[in-house]
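Thanks, everyone; I would like to take you through a few computed features of one model this morning. Please have the sequence and the structure open while I talk.

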Amino acid sequence: MNDEIIKEFPNSGQKIVSLVNNSKFGKCIKKVQKNMEYISRINKEINIQKELDCIYYPKVFFANITEQNCLIYEEFIDGKDLTNYIGKDKIYYNNEIACINLLKELVIGLEFVWSKNVVHRDIKPANIIIRKSNNKPVILDLGIAKNLDSSTVTEGGMWGTKGYSSPEQRFNNRDLFGKRSDMFSLGIVIYELFFGEIPFKNDYELAFNSCDFNKNDLQPSEKFKKIISKMLEKQPFKRYKNSTAILKEIDDYLGGD
Amino acid sequence: MSNINIYHQCGFRYKWNKEINDEFNIGDGFILSPLDMSKETLSNISDEKLSCSFFDPQFYSLNLYKDNYLSYKFLDEIDSIYDYSISKNQISKKCIDFQNNIALKYLVIPTIDFNLLNLNESYNELYDEIKSDSDDSNYFSNINIKNNLYKKLILEPFCNYIETIKTNKKVLATIIFDDEMAKDESLFNSYLSTITENDIISGIYLLPQNNRTFKRISDINFLTKILEFIHILRENDLEVIIGYSDIESILYTVAGATAIPIGVYENLRKYDGLKFSNNDYNGRGPNPRIFSSKLLQWIEYQYLPVIKANDDLSKFFDQNIYFQETQEKDYNWHFSKPQCYKHYMISFSELIKKLPNDLDERYKYVDTLLEQANNAFNELSNFIFFDNNSSGDHINKWRTALKVFYEKIEKEKR
C-alpha cells in the first residue's frame, strides 16, 4: 500500500497522524504509533470499531497492532470538531433544543460501544466532529489514541482530559470507573456548548462544586438543568444508569416542548 | 394494601411457612434454602409455588458439605476459594441452569461471604492472579478488594453465562451489607457503582449483617447507611429484596425495599455466615418470645402475665388464633413450638401490608408507629423492667436513623 501525504497533523506523544491518499483506501486518516501497551484492550476496541457499521464512528479500513508498532487507516471525516462550535455566536449557545438533539445523537452513538462494555474514556469537543455532509456527530479516538499520549493521561495513570474527565478518572478512583464516566464527560461537553465554558475550572471545583446553571446570565429550563445536572453527578451511581434511562428523559424533554 | 412483597425465608421447619401460606395466604412467595431442602424435596414443589419464589444458592462459605446441600452438586470438590476461582465458569453454569430449568421467578447470582475467608497472604496471591488475568489491569484497583473479588469471582462469570442463555427471568444479585460497608465510604461507593452499572441485574437480594450485642439492630450509622444504599439501588430502578432480616425490615421499606422476609427461627431472621459453613453452628435455643406489633419488639413470654395483670394484652399483641393458643391454661412455652412464629408471620405481615405506598407517607406512618411504640413502652415501664432483648431501647435509635436518612434525601431533592 502506497501513501501520498496530504497533510500532517501536529505530533501527539509518540503518535503520528496524517491525512493521506492511500492506493487502496483513497483519502483517509493514517495513524502510526510505537511502543504499545495494553495491547489486548486496544485490539478489542479496534476490533469493535472495525465491526461497527455506524455513522457515529469513522470506519476502520485497516489495523495492525503489535507491542512494537501500531498502524491504522481509518475513514477521513470531512467536517469541524466541536471546539469550533463553542462560544456566544455559535449555534449551540443558549440553544437547548440544539444541545439536546446533539446529546441524543451522541448517547445513541456511545451506546454502540457501551453495549460492548467499552468505555471511550476521553469524550471532549476535540474528539467529536460534525460531519459536513449530514451534520451528524462522529466520535473519534476510540481505543488507540489514548495510549502513551501524555496530554490525555491523568496523574494516576487513568486516561481522560482535564476539564472533561469525570471525578473518578481525575482522582483515580478506579473502582468507580465505567460507562457513566463517559456520561459525565458528555455532560461537560453539552454544558460547554450551551454556556460557552466548562462548569468546573479546576480539581477543587470538580470535587466539591455543583454546576452553576445561571452562568453568563443564561436561564435554561428546569428540564434541561435536570438532565445535565444528573449527568454531572459526582458519584457515577447517581448519574443515569444507562443510555435507555437518559434517552427516555431526552425524549420526554423533546416531546414536551 | 401496600405493594411490598413478603417472602418466607425458608429453613428448618419450613413446613410452618408453608402451612401459614396455605391456610392464611400469608406471604407472596418463598426463598428456598438448599441447606434445608434437598433437590428431590424441592422438585416436589408445585410450579405455581415455584413461580412466585426464588432459590438462594448459599455459596457463602464455599464449604457447606451437608447432605441436602450436596444433592445440588454446585460446589462439588471445592475446598477453597482457589478451587472456586479455577472452576467459577462451570459452577456458574450449573447454578444458573438449575434455577433456569425450573419454574422459579428469578435467577439468583449468589455471593461469597468474604468475611468468612482468611484474609492472609495467600489470599493476596489469589487477588494478584485475578488482577493479572484482567484484560485491563490498569483499571483494577488494590483497594476495595472485596468488591473486586465480588466482580471477578461472582458477577463476571455469572453474568457472562446468563448473557448466553435464553431466559425471561429477572436476575437478582446477592449482596451482604455488613458493618465494613456501613463504615467505609469507598467500599460502599464501589459496590454501588459495580452493581448499578450492570444491565443484566434487575434486583438485589440484600442481606444486612450487623454485629450486635442484643437482638435488635440499633446501630444508627449502620441503619442510616443501609437505608441510603437501598434508596440508591431503587433510584437505579433495581428491585431490593431483603433477606435474613427481622422486624428491622420495616425500616428498610421506608427506603423503598420492594420485598422483605419472614422467617421462623432467629437464625432465619439474621444473616450469619457461619450457619452456612461446615463448622458446628451454635443453634442453642433462645427463651421463647412473642412479637408485638404495637411495641415493635419480640417480648419474652415471662412478661406476658405481668402485662395481663396490669393492663390489656390485646393493646399490645394482635389477637390471632396462635396468640390465643399461647394463652391457654396449660400452654407450655418453648422456642421450638410453632405458635409464636405463626403469630409473628401473620401479625408482621399485616403490619407491612398496611404501609402506604407513597414513600413520604410511609416514612411518616412508620415514624408514628415508632412513636406509639415508645409511648406503649413508657406505659409498661410503670410495672415492668424489661431486659435488653425485650426492651424498647432500639425505638429512638430507629427513629433517629429514619430521620437522618429522610432529611438527607429531602435535602438532595432540593
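Let me begin in chain A, where five bridges join S4(A) to strand S5 (residues 69–75), the two running antiparallel; strands here are DSSP runs of E with at least two residues, helices are runs of H or I with at least four, and both are numbered from the N terminus. Before going further, I should say that this is a predicted model, in which local features need pLDDT of at least 70 and side-chain atom pairs count only at pLDDT 80 or more, while totals for chains, interfaces and linings use all residues. Residues are numbered from 1 along each chain as its sequence is written, chains are lettered from A and ligands numbered from 1 in the order in which they are written, and side-chain values use heavy atoms, with hydrogens and water left out.

Within that strand pair, A:Phe62 stands opposite A:Tyr73 in S5(A). Stepping back, five strands of chain A form an open sheet with antiparallel pairing, in the order S1-S2-S3-S5-S4, where two strands pair if DSSP finds at least two bridges between them. Its edges are strand S1 (3–8) and strand S4 (60–65) of chain A, each of which pairs on one side only. On average, neighbouring strands of this sheet are turned by 25° against each other, direction ignored.

Turning to chain B, helix H15 (residues 359–380) and helix H16 (residues 393–413) pack at an angle of about 160° with their axes 10 Å apart, the axes being lines fitted to C-alpha atoms, for helices over the stretch in contact, and the angles running from 0 to 180 degrees between N-to-C directions. H15(B) is therefore roughly antiparallel to H16(B), a label used for angles over 145 degrees.

Finally, the empty space: the structure holds three cavities of 30 Å³ or more, a cavity being a set of points on a 1 Å grid over the protein atoms alone where a 1.4 Å probe fits but cannot get out. The volume of the largest cavity is about 110 Å³, and its lining includes B:Lys146, B:Tyr150, B:Ile176 and B:Asp178, lining residues being those with an atom within 4 Å of a point. Helix H7 (145–164) and strand S5 (170–178) of chain B each supply at least two residues of that lining. The second largest cavity has a volume of about 90 Å³, and B:Trp298, B:His334 and B:Tyr341 are among the residues that line it.

Definitions and conventions. 1 Å grid on protein atoms, 1.4 Å probe; cavity = no way out; pocket = protein on both sides within 12 Å on 5 of 7 lines; lining within 4 Å. Points joined across faces, edges and corners; volume = space filled by probe spheres on them. Parallel < 35°, antiparallel > 145°, perpendicular 65-115°, else oblique.
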